[in-house]
Amino acid sequence: MERIAIFPGSFDPITLGHQSIVMRALPLFDKVIIAIGDNTEKRCKYTLEQRMEWIEKTFEGIPNIEVDIYNELTVDYCKRKNAKYIIRGLRNAIDFQYEQNIAQINSELDSEIETVFLLTELRYTNINSSVVREILKFGGDVKKYLPENIREFF
Ligand code: ADP
């Protein structure tokens with residue numbers, strides 16, 4: 001059976017931190033689906049289409065990656081996509097506390113789905129989408145935080 005993993009998130013926008021997690025997850029699974037949550041509670045700066053385009057561009061030409069948008073419980077989405085694994089990145093203890101809660105709830109909702117955590121690479125610990133958005137707001141240069149393929153758009 002194919003080992004399919006979902007990497008859910010907002011990707012507002014995708015950063016080097018996200019890219020690194022996906023690249024490190026790839027050898028562990030047959031396919032990684034990067035799934036943008038269409039979450040009405042979280043107001044995003046960029047549209048779903050824009051975020052999706054940047055993710056596709058980031059991983060252009062790399063096999064076994066799919067990019068998608070979902071609007072349902074993550075475990076229901078996993079079932080629909082035949083995925084048994086959810087990938088999440090951990091940067092620090094705050095991430096851990098938040099992620100532990102979500103992973104345990106997801107496991108209660110569907111005990112067949114396993115959340116797999118990958119620790120961030122040291123150099124990406126302080127990179128996240130909100131830092132990028134904040135720098136952009138004040139006209140700063142964010143290129144060094146973004147995947148090479150999408151730097152030209154910022
Ligand atoms: P969410 O709204 O689900 O937190 P994000 O796009 O902020 O969406 O994050 C998606 C996933 O990527 C999360 O598991 C998050 O921990 C991980 N992530 C984000 N930035 C980094 C980073 N610099 N290093 C490792 N993982 C990261």
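**Figure 1. Order of helices and strands along the protein chain.** Read along the sequence, the elements of this predicted model run β-α-β-α-β-α-β-α-β-α. The protein chain holds 5 helices and 5 strands. Among them are β2, residues 31-37, and α2, residues 48-58. Another is α5, which covers 129-137.

**Figure 2. Overall dimensions of the protein chain.** The C-alpha trace spans about 45 × 35 × 30 Å along its principal axes. The radius of gyration of the protein chain is 15 Å. A compact globule of 154 residues would have a value near 15 Å, so the two agree.

**Figure 3. Burial and contacts in the protein chain.** Of the 154 residues, 42% are buried. Contacts with a separation of 6 or more were sorted by distance in sequence. Residues 24 or more positions apart account for 78% of them.

**Figure 4. Surface and charge of the protein chain.** About 9,000 Å² is exposed. Carbon and sulfur atoms supply 48% of that area. The side chains include 20 positive and 24 negative ones. The centres of these two sets lie 5 Å apart.

**Figure 5. Close-up of the F7 and F11 rings.** The whole structure contains 6 aromatic pairs, and F7 with F11 is one of them. Their ring centres are 5.4 Å apart. Their planes meet at 70°, which is over the 60 degrees needed, so the pair is edge-to-face. Are the two residues buried or exposed? F7 has 5% relative accessibility, under the 20% limit, and therefore counts as buried. F11 is buried as well, with a relative accessible area of 2%.

**Figure 6. Close-up of the Y46 and F154 rings.** Here the ring centres lie 6.2 Å apart. The planes stand at 80°, so this pair too is edge-to-face. Where in the chain do Y46 and F154 lie? Y46 sits in the loop between β2 (31-37) and α2 (48-58). F154 belongs to the segment after α5 (129-137). The pair therefore ties together parts that are 108 residues apart in sequence. Y46 counts as buried because its relative accessibility is 15%, under the 20% limit.

**Figure 7. Close-up of the aromatic cluster at Y46.** Which residues form one aromatic cluster with Y46? W54 and F154 join Y46 in that cluster. Y46 and F154 are the edge-to-face pair with planes at 80°. Y46 is a loop residue, and F154 comes after α5.

Conventions:
Residues are numbered from 1 along each chain as its sequence is written. Side-chain values use heavy atoms; hydrogens and water are left out. Helices (H or I, at least four residues) and strands (E, at least two) are DSSP runs, numbered from the N terminus. The radius of gyration is taken over C-alpha atoms; the globule rule is 2.2 Å times the number of residues to the power 0.38. Buried means under 20% relative accessible area, exposed over 50%, partly exposed in between (1.4 Å probe, protein chains only). Contact means heavy atoms within 4.5 Å. Accessible areas come from the Shrake-Rupley method with a 1.4 Å probe; for residues, only the protein chains shown count as cover. Lys and Arg count as positive and Asp and Glu as negative; His and the chain ends are not counted. The place of a charge is taken as NZ of Lys, CZ of Arg, CG of Asp or CD of Glu. Rings of Phe, Tyr and Trp (its six-membered ring) pair if their centres lie within 6.5 Å; planes under 30 degrees apart count as stacked, over 60 as edge-to-face and the rest as tilted.
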